[in-house]
Amino acid sequence: MLAAPKHDVFHAIADSTRRKLLRVLANNVMAVTAITSHFTISRVAVSKHLRVLSEAGLVSEQKVGRERRYRLQPEPLIEVK
């Protein structure tokens, strides 16, 4: 049995920055540093937004060497339709 997400999908996509993060990750697997280059906010702020998206099941992360790479997990967005 899967644990319930800490944040729901609607809460996660309510923020415009998080919606932009999802668009950035739509066709890319990226490290935080690369993702941050698309925003005017700090790397720490981007990481906090990624954590909310991750807790809602919208992004997954994979550790590769010393960095974490993020990938869109679009399946939870089906409930938004």
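## Briefing: four helices and a three-stranded sheet

Going along the sequence, the protein reads α-α-β-α-α-β-β. That gives 4 helices and 3 strands, and bear in mind that this is a predicted model. The protein has 81 residues, and 31% of them count as buried. Take the contacts between residues at least 6 apart in sequence: 52% of these join residues at least 24 apart.

**The sheet**

- The 3 strands make an open sheet in the order β1-β3-β2, and the pairing is antiparallel.
- The edges belong to β1 (30-31) and β2, each of which pairs on one side only.
- Strands of a sheet pair through backbone hydrogen bonds, and the pairing can be parallel or antiparallel.
- Between β2 (residues 59-64) and β3 (residues 67-72) there are 6 bridges, with the two strands running antiparallel.
- One facing pair here is K63 with R68 of β3.
- The β2 and β3 hairpin has 2 residues between its strands, and G65 takes a positive phi near 65° there.
- On the other pairing, β1 and β3 are joined antiparallel by 2 bridges.

**A31, over in β1**

- A31 sits in strand β1, where it stands opposite R69 in β3.
- With a relative accessibility of 12%, A31 falls under the 20% cut-off, so it counts as buried.
- Skip the neighbours within four places in sequence, and the contacts of A31 are E67, R68 and R69.
- From A31 to Q62 the C-alpha to C-alpha separation is 9.4 Å, and the two are 31 residues apart in sequence.

**How the helices sit**

- Two packed helices are described by the angle between their axes and the distance between the axes.
- For α2 (residues 16-25) and α4 (residues 43-55), the packing angle is about 80° and the axes are 10 Å apart.
- That angle is why α2 counts as roughly perpendicular to α4.
- On the α2 side of this contact you'll find T17, R18, L21, L22 and L25, which meet V46, H49, L50, V52 and L53 of α4.
- By type, the residues of this contact come out as 7 nonpolar, 2 polar and 1 charged.
- Helix α2 also deals with the sheet: it lies across β1, β2 and β3, and runs at about 90° to β3.

**The nonpolar core**

- The largest nonpolar core has 20 residues, and the ones that touch the most other members are L25, I35, L50 and L58.
- Elements that supply two or more residues to this core are α1 (9-13), α2, α3 (32-36), α4 and β3.
- What does L25 touch, not counting residues up to four places away in sequence? Its list is M30, I35, L50, V59, Y70 and L72.

**V59, over in β2**

- Is V59 buried or exposed? Its relative accessibility is just 3%, so V59, which lies in strand β2, counts as buried.
- Leaving out neighbours within four places in sequence, V59 is in contact with L22, L25, L50, L53, S54, Y70, R71, L72 and Q73.
- Within that list, L22 and L25 also appear on the α2 side of the helix contact, and L50 and L53 on the α4 side.
- The C-alpha atoms of V59 and Q73 are 4.9 Å apart, while the two residues are 14 apart along the chain.

Technical notes
Residues are numbered from 1 along each chain as its sequence is written. This is a predicted model: local features need pLDDT of at least 70, side-chain atom pairs count only at pLDDT 80 or more; totals for chains, interfaces and linings use all residues. Side-chain values use heavy atoms; hydrogens and water are left out. Two strands pair if DSSP finds at least two bridges between them. Buried means under 20% relative accessible area, exposed over 50%, partly exposed in between (1.4 Å probe, protein chains only). Contact means heavy atoms within 4.5 Å. Axes are lines fitted to C-alpha atoms, for helices over the stretch in contact, and angles run from 0 to 180 degrees between N-to-C directions. Angles under 35 degrees count as roughly parallel, over 145 as roughly antiparallel, 65 to 115 as roughly perpendicular and the rest as oblique. Ala, Val, Leu, Ile, Met, Phe, Trp, Tyr, Cys and Pro count as nonpolar, Asp, Glu, Lys and Arg as charged, and the others, Gly among them, as polar. A nonpolar core is a set of buried Ala, Val, Leu, Ile, Met, Phe, Trp, Tyr and Cys residues joined through side-chain atoms within 4.5 Å.
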